[in-house]
Amino acid sequence: MQKFCRIAIAVSLSISFSFTSVDSLAFEKASVPEELPVLSPESQHATASKRISARFTRAHYKKVKISDELSAEVFDRYIKQLDYARNVFLASDIEDFSKYREDFDNVIARGKLDAAYDIFNVNLLRRLERYEYAISLLDKPFDFTKEEVYSFDREEAPWAKTEAELNELWRKKVKSDALNLTLTGKKWDKIKEVLTKRYSYAIKRLKQSESEDAFQIVMNSFARVVEPHTSYLSPRNAERFQVDMNLSLEGIGAELRAIEDYTVIHRVVTGGPADKSNQLKAKDRIVGVAQGEDDFEDVIGWRLDDVVELIKGPKGTTVRLQVLSGESDDEANIKIVSIIRDIIKLEDRAAKSEVYQENPKQADSKKLGIITIPSFYNNLSRDVKKEIAKLKEQDVQGIIVDLRGNGGGSLTEATLLTGLFIDKGPVVQIRDGADRVQVNRDKDGISYYDGPLTVMVDRYSASASEIFSAAIQDYGRGVIVGEHTFGKGTVQQHRGLGRVYDLYEKPLGSIQYTIAKFYRINGGSTQHRGVLPDIAFPSAVDPEDWGESKEENALPWDQIKKAQYTPLNDISTDIDYLTSLYQQRIKDNQEFNYLLEDIATYQEEKDNKSISLNLAERKAKRETNKAKRLVRVNERLVNLGKEKVENLDDLGEELDDLDPFLDETARITFDLISLGKVAKK
């Protein structure tokens, strides 16, 4: 498993600019190049800031108090947002800015935004100089025979004290970019062309910066200091929120996120064009976009909005993407994916079922039903009820509910879905900021399926997925299998900032903030801790290093009084027995052994925050990794009774359907069936 190479958005290098002290709130326009804007707050921003502050302090689940301590936290977060990699500002800049550290309560509560905008303007100027210096480094090729390393994670590094230190940081950054392109087979002239365009576009974006950009960063610095699921949405983003979760899903069916310099696929929408292509997956990075057969545009370092605009398009048109696998930092592994745009329909994301046979070649083979649920959308329970009926007609002996990658959705649907597998009873408890507890329960007295049940989860299963899994676990209704879940146990509300009497030329955007917490019926919160599976699969990520528990300012785990409910089964002894069979089985399971090897590699490399700038060393590592993948591919092909391949490029779709986790979950479910466990009436 390769580490994800973190490259900062706010890249920085410097040349002739004199790093003068920022001695006052008044930013000097005279020191700014004519083409670079000097931003200031717009008329609506002071009002928006006051309304955001009022809403967070009065209505947020977390008790928020404006204070010097909060001011300092918002200031620190704001600086971090502007210079995540600490390669834009100098130590002297930070020292000058620090005088405003305890004044940010005025910025957020009273709408006095001048200090925040002056810091933002200095950041624009510094970044401009950094990119100009980056371009100047492309006059001649780099020497890739030297033994050098590039440190790509500088979040905790000290600020550079001199311009020379910044130059050295960015010399290695640019050299790393050039080396990645060299590994793709590009010659220096092409490398120079690509990087010049990349850095020039970054400069163009700086010059197109708007007042709303600065306001969004400072308000989200405030919001994220309050709580990680609290945010400010600019008018553009607020409009998208109202139309759909994100308009970027319209063209290819992929939820995109900006992670440092990259546009990253956060989630592929089930049934959408990207999903149907079978070539894109979560964590893949889009590094180039082309319309039809046009030339590719390099989009590394672009704003997410601009990348989305390139990817969106009318139904039936083609977009081509250059994609770098999320498991690789080597640009030699870029692949080209062609996708025909389409409208993403709700039914494309609906729950689906299939029959899994223990041995398809035997006529009397045992059968399971697998219900895959991508999200908790409206009417999910209705759809699952239909799938259960189909599976019953096919005489399945057990059901697996697959919630892997399901980030949640409707609270109501989580309750209704649980009700399909129990007669009646409480499902989830919800406590608001006034400590009032509401219990959501199933009341119909009907269980639509009462046979053996297994639920699959992973570290991306969150929110409503955790409510359902926790309820099934607390009732002893089924076995939870997989990874420790994400741990999001909070409820958010979306609220516009505008008022009918506003006369501002521009809209005010909106906010999303936390108003309540979920609790299991046993009284424990799903927040922070998530749901621990009854049978845990190997995972590269320690629960302590992943999920809600790693989010800054996340609400803590706690518990309330348990709801009045009666467990259907005590399956603790059965879990021990099923676990012993599972552990014995995976000792000889090839796929699980591969996973254990990858986990060991990840654990060895996860704390290494640098990468070699030696071409021979990088090539050797790439070839080693390719050889390792080729060995695995051929071992898998042989096991399937297929011919080996000589090159990874020769591999077709033979291995696309491999799902060792599902296969092992099916074996666990067959073991459960052998125990004869069903829900008690």
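Where does Asp-395 lie? Keep that in mind as we go; this is a predicted model, and the tour starts right there.

**Stop 1: two aspartates with positive phi**

Select Asp-395 and you land in the loop between α13 and β11, the strand at 399-402. Check the backbone: phi is near 60 degrees, a positive value in a residue other than glycine. The residue is exposed, because its relative accessible area of 59% is over the 50% cut-off.

Now hop to Asp-435, in the loop between β12 and β13. Asp-435 is not a glycine either, yet its phi is positive, at about 65 degrees. With a relative accessible area of 54%, Asp-435 also counts as exposed.

**Stop 2: helix α14 and what covers it**

Next, select residues 411-419, which make up helix α14. Colour Glu-413, Ala-414, Thr-415, Leu-417, Thr-418 and Gly-419: these are the buried residues of the helix. What lies over them? The cover includes two helices, α13 (380-393) and α15 (464-475), together with the strands β12 (425-432) and β13 (437-442).

Before leaving, zoom in on the start of α14. A side-chain oxygen of Ser-410 comes to within 3.3 Å of the backbone nitrogen of Thr-412.

**Stop 3: Tyr-448**

Follow the chain past β13 and pick Tyr-448, in the loop that runs between β13 and β14 (453-457). Is Tyr-448 buried, exposed or partly exposed? Its relative accessibility is 24%, so it counts as partly exposed.

Show everything in contact with Tyr-448, skipping neighbours within four places in sequence, and you get Lys-385, Ile-388, Lys-392 and Leu-420. For a distance check, draw a line from the C-alpha of Tyr-448 to that of Asp-423: the two are 8.3 Å apart in space and 25 residues apart in sequence.

**Stop 4: Thr-514 in strand β17**

Jump ahead to β17, residues 510-519, and select Thr-514. At 0% relative accessibility, this threonine counts as buried. Turn on side chains and look for Gln-492: its side chain and that of Thr-514 make a polar contact at 2.8 Å.

Then widen the selection to whatever is in contact with Thr-514, again leaving out neighbours within four places in sequence. From the earlier part of the chain come Ala-59, His-60, Tyr-61, Glu-227, His-229 and Thr-230. The list also has Thr-490, Val-491, Gln-492 and Leu-555.

**Stop 5: three helix pairs**

Start with α1 (residues 43-59) and α8 (residues 211-226), whose axes are 12 Å apart at an angle of about 10 degrees. That makes the two helices roughly parallel. On the α1 side, select His-45, Ala-48, Ser-49, Ile-52, Ser-53 and Phe-56. Facing them from α8 are Ser-211, Glu-212, Phe-215, Met-219, Phe-222, Ala-223 and Val-226. Colour the contact by class and you should find 8 nonpolar residues, 4 polar and 1 charged.

The second pair is α6 (residues 163-182) with α7 (residues 188-207), which pack at about 125 degrees with axes 10 Å apart. Their relation is therefore oblique, and the crossing is right-handed. The α6 residues in this contact are Trp-170, Val-174, Asp-177, Ala-178, Leu-181 and Thr-182. From α7, pick Trp-188, Ile-191, Val-194, Leu-195, Arg-198 and Tyr-199. By class, this contact has 9 nonpolar residues, 1 polar and 2 charged.

Last comes α17 (residues 590-605) with α19 (residues 660-675), where the axes come within 9 Å and cross at roughly 125 degrees. These helices are oblique to each other too, but here the crossing is left-handed. Select Glu-591, Phe-592 and Leu-595 in α17, then Pro-660, Phe-661 and Glu-664 in α19, and you have the two sides of the meeting. The residues divide into 4 nonpolar and 2 charged, with no polar ones.

**Zooming out**

Now show the whole protein as a cartoon: there are 19 helices and 19 strands to look through. Colour by accessibility, and 52% of the 681 residues count as buried. For a final view, draw contacts between residues at least 6 apart in sequence; 76% of them join residues at least 24 apart.

Technical notes
Residues numbered from 1 in each chain as written. Predicted model: local features only at pLDDT ≥ 70, side-chain atom pairs only at ≥ 80, totals over all residues. Heavy atoms only, no water. Helix = DSSP H or I, 4+ residues; strand = E, 2+ residues; numbered from the N terminus. Buried < 20%, exposed > 50% of the residue type's maximum accessible area, 1.4 Å probe, protein only. Polar contact = N/O pair within 3.5 Å; in protein donor to acceptor, adjacent residues only side chain to side chain. Contact = heavy atoms within 4.5 Å. Axes fitted to C-alpha atoms, helices over the stretch in contact; angles between N-to-C directions. Parallel < 35°, antiparallel > 145°, perpendicular 65-115°, else oblique. Left-handed = near helix turned anticlockwise from the far one by under 90°. Nonpolar A, V, L, I, M, F, W, Y, C, P; charged D, E, K, R; others polar.
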